[in-house]
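Look at the sequence and the model that follow. The paragraphs after them go from the whole chain to single residues.

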Amino acid sequence: MAYPVITNCPVCREALKITKLQCTHCHTTIENEFELSKLATLTQEQLHFIEIFLKSRGNIKEVEKELGISYPTVRGKLNDIVAALGYAEKKSEVDERKVISMLEKGEITPDEALKIIKGD
């Protein structure tokens with residue numbers, strides 16, 4: 001039985017290194033330091049979300065339906081994954097929430113909201 005790779009030490013929470021690989025057929029063993037992809041550091045929940053997102057070809061409406069969550073929740077999960085992969089976000093989620101709040105209160109028009117979010 002194979003277990004999923006863990007990327008952080010269960011004792012101190014620091015990053016683990018993969019140092020040994022073994023062939024399941026001939027049992028050849030290779031020892032060295034190996035790098036994992038950034039995706040390997042994501043949680044099972046985040047990987048499941050990515051699978052649904054890719055299966056939906058990035059269509060957020062389809063992701064909403066499949067997972068039974070709202071648009072802001074989809075965006076939030078996507079932003080969390082982007083951050084977990086180490087990519088800087090262009091706009092902070094707090095700014096987007098503020099713009100949506102202003103829009104809901106009628107303080108700005110939809111066109112103004114789009115301009116703010118796009119950075120125009």
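How many positive and how many negative side chains does the protein have, and how far apart do the centres of the two sets lie? There are 17 positive and 19 negative side chains, and the two centres are 2 Å apart. The model is a predicted one, and everything below describes that prediction.

Start with the overall layout. The protein contains five helices and two strands, and along the sequence they come in the pattern β-β-α-α-α-α-α. The protein is more spread out than a compact globule, because its radius of gyration is 20 Å, well over the 14 Å that the globule rule gives for 120 residues. Taken along the principal axes, the C-alpha atoms fill a box of roughly 65 × 30 × 25 Å.

The surface and the contacts come next. Buried residues account for 18% of the 120 residues; a residue counts as buried when its relative accessible area is under 20%. The accessible surface is about 9700 Å², and carbon and sulfur atoms hold 56% of that area. Of the contacts between residues at least 6 apart in sequence, 28% join residues at least 24 apart.

Some of the buried residues form a nonpolar core. The largest such core has 10 residues: Leu42, Phe49, Ile50, Ile52, Phe53, Ile60, Val63, Val74, Ile81 and Leu85. Helices α1 (44-55), α2 (60-67) and α3 are the elements that give two or more residues to this core. The helix that gives the most is α1, with four residues.

One core member, Leu85, leads to the next part of the chain. Apart from neighbours within four places in sequence, Leu85 is in contact with Lys38, Leu39 and Leu42. Leu39 sits in the loop between β2 and α1. Is Leu39 exposed, partly exposed or buried? Leu39 counts as partly exposed, because its relative accessibility is 44%, and the partly exposed range lies between the 20% and 50% limits. Leaving out residues up to four places away, Leu39 touches Leu47, Ile50 and Leu85. The C-alpha atoms of Leu39 and Val5 are 11 Å apart in space, although the two residues are 34 apart in sequence.

Lys77 belongs to helix α3, which covers residues 71-84. Lys77 is partly exposed, since its relative accessible area is 25%. Which residues does Lys77 touch, not counting those up to four places away in sequence? They are Glu45, Phe49 and Ile69; Phe49 is also listed in the nonpolar core. In addition, the C-alpha atom of Lys77 is separated by 7.7 Å from that of Gln46, a residue 31 places away along the chain.

Two residues remain, and both concern the backbone angle phi. Most residues other than glycine have a negative phi. Arg13 has a positive value, near 70°. This residue lies in the segment before β1 (18-22), and Arg13 is exposed because its relative accessible area is 60%. His27 also has a positive phi, near 65°. Where is His27 found? It is in the loop between β1 and β2 (29-34). His27 counts as exposed because its relative accessibility is 52%, and the limit for exposed is over 50%.

How values were computed: Residues are numbered from 1 along each chain as its sequence is written. This is a predicted model: local features need pLDDT of at least 70, side-chain atom pairs count only at pLDDT 80 or more; totals for chains, interfaces and linings use all residues. Side-chain values use heavy atoms; hydrogens and water are left out. Buried means under 20% relative accessible area, exposed over 50%, partly exposed in between (1.4 Å probe, protein chains only). Contact means heavy atoms within 4.5 Å. The radius of gyration is taken over C-alpha atoms; the globule rule is 2.2 Å times the number of residues to the power 0.38. Accessible areas come from the Shrake-Rupley method with a 1.4 Å probe; for residues, only the protein chains shown count as cover. Lys and Arg count as positive and Asp and Glu as negative; His and the chain ends are not counted. The place of a charge is taken as NZ of Lys, CZ of Arg, CG of Asp or CD of Glu. A nonpolar core is a set of buried Ala, Val, Leu, Ile, Met, Phe, Trp, Tyr and Cys residues joined through side-chain atoms within 4.5 Å.
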